[in-house]
Amino acid sequence: MVGMDFLKIIVASAVLILPEKSMAEIDFDPTKAFVKTCSLCHGVHGDAKTPLASSMNPPPTDFSSPDVQKRLTLETIITVISKGVKGTAMPGWSGRYTKNEIKALAQHILTHFMKHPVP
Ligand code: HEC
């Protein structure tokens with residue numbers, strides 16, 4: 001089938017163009033990952049308005065808050081996602097996500113939930 005061969009060439013080219021990334025990382029979608037593993041506490045919109053949030057002390061960080069946006073940089077977010085925050089419900093995710101995936105999650109938080117991201 002000509003169609004299948006064409007598809008195989010496209011897939012093979014994509015693998016050649018992006019040799020330093022694993023296939024799993026090419027498939028990684030930070031929006032889906034956030035919904036799946038973070039939204040339970042932080043909410044799908046990142047504003048921490050979840051039923052679970054009210055039972056937590058401290059509560060999950062509300063990424064829509066201007067004070068939070070002033071405080072959080074890309075580097076801080078990456079560190080927090082990797083290691084978690086001791087003494088809170090925020091777990092570390094370095095066992096679950098690769099460095100690149102954690103960076104993608106951090107950038108997702110900055111670009112989608114923070115109106116005035118701090119570089
Ligand atoms: C079980 C609940 C829970 C889940 C799941 C969770 N978090 Fe959190 N998260 C928290 C809590 C609670 C805090 C507040 C910690 C604090 O006050 O320092 C927090 C804080 C944060 C912060 C900011 C820390 C700060 O200094 O304010 C970031 C960034 C963050 N989480 C990202 C994520 C990402 C990304 C995921 C998914 C991969 C995730 N969290 C999943 C509960 C959760």
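**Figure 1. The shell around the ligand divides into 16 nonpolar residues, four polar ones and no charged ones.** Welcome to this predicted model; we start at the ligand. How many residues surround the ligand? There are 20, and the closest are Cys-38, Cys-41, Pro-58, Thr-61 and Met-90. Three elements give two or more residues to this shell: α4 (residues 39-42), α6 (residues 74-83) and α7 (residues 99-113). Pro-58, one of the closest residues, also appears in a later view.

**Figure 2. The whole chain holds seven helices and zero strands.** Here we step back for orientation. Following the sequence, you will meet the pattern α-α-α-α-α-α-α. The chain has 119 residues, of which 15% count as buried. What is the average pLDDT of the chain? The average is 87, and 82% of the residues score at least 70. Confidence is highest in α6, with a mean of 98, and lowest in helix α2 (residues 23-27), with a mean of 67. A word of care for your reading: where pLDDT is low, the predicted coordinates should not be read in detail.

**Figure 3. Helices α6 and α7 pack with their axes 9 Å apart.** The angle between the two helices is about 125 degrees. That angle is why α6 is described as oblique to α7. As for handedness, α6 passes α7 in a right-handed crossing. Both helices are also among the elements that give two or more residues to the shell around the ligand.

**Figure 4. Pro-91 sits in the loop between α6 and α7.** Is Pro-91 buried, exposed or partly exposed? Pro-91 counts as partly exposed because it has 13 C-beta neighbours inside 10 Å. You can also look from Pro-91 to Ile-81, ten residues away along the chain. Their C-alpha atoms are separated by 7.7 Å.

**Figure 5. A cis peptide bond leads from Asn-57 to Pro-58.** The omega angle of this bond is near 0 degrees. Where is Pro-58 found? Pro-58 lies in the loop between α4 and α5. Remember Pro-58 from the opening view, where it was named among the residues closest to the ligand.

**Figure 6. Ala-48 has a positive phi of about 60 degrees, although it is not a glycine.** This residue belongs to the loop between α4 and α5. Is Ala-48 buried or exposed? With 21 C-beta neighbours inside 10 Å, Ala-48 counts as buried. The cut-off behind that step is 20 or more other C-beta atoms within 10 Å.

**Figure 7. Ser-54 is placed in the loop between α4 and α5 (residues 66-71).** Ser-54 has 10 C-beta neighbours inside 10 Å, so it counts as exposed. Which separation divides the C-alpha atoms of Ser-54 and Cys-41? The two C-alpha atoms are separated by 9.4 Å, and the residues are 13 apart along the chain. Cys-41 is itself one of the residues closest to the ligand.

**Figure 8. Lys-32 is found in helix α3 (residues 30-37).** Lys-32 is exposed because 10 other C-beta atoms lie within 10 Å. To finish, follow Lys-32 across to Leu-105, a residue 73 positions away along the chain. The C-alpha atoms of Lys-32 and Leu-105 are separated by 9.9 Å.

Note on methods. Residues numbered from 1 in each chain as written. Predicted model: local features only at pLDDT ≥ 70, side-chain atom pairs only at ≥ 80, totals over all residues. Near = placed C-beta within 6 Å. Helix = DSSP H or I, 4+ residues; strand = E, 2+ residues; numbered from the N terminus. Nonpolar A, V, L, I, M, F, W, Y, C, P; charged D, E, K, R; others polar. Buried ≥ 20, exposed ≤ 12 C-beta atoms within 10 Å, placed from the backbone. pLDDT = per-residue confidence, 0-100. Axes fitted to C-alpha atoms, helices over the stretch in contact; angles between N-to-C directions. Parallel < 35°, antiparallel > 145°, perpendicular 65-115°, else oblique. Left-handed = near helix turned anticlockwise from the far one by under 90°.
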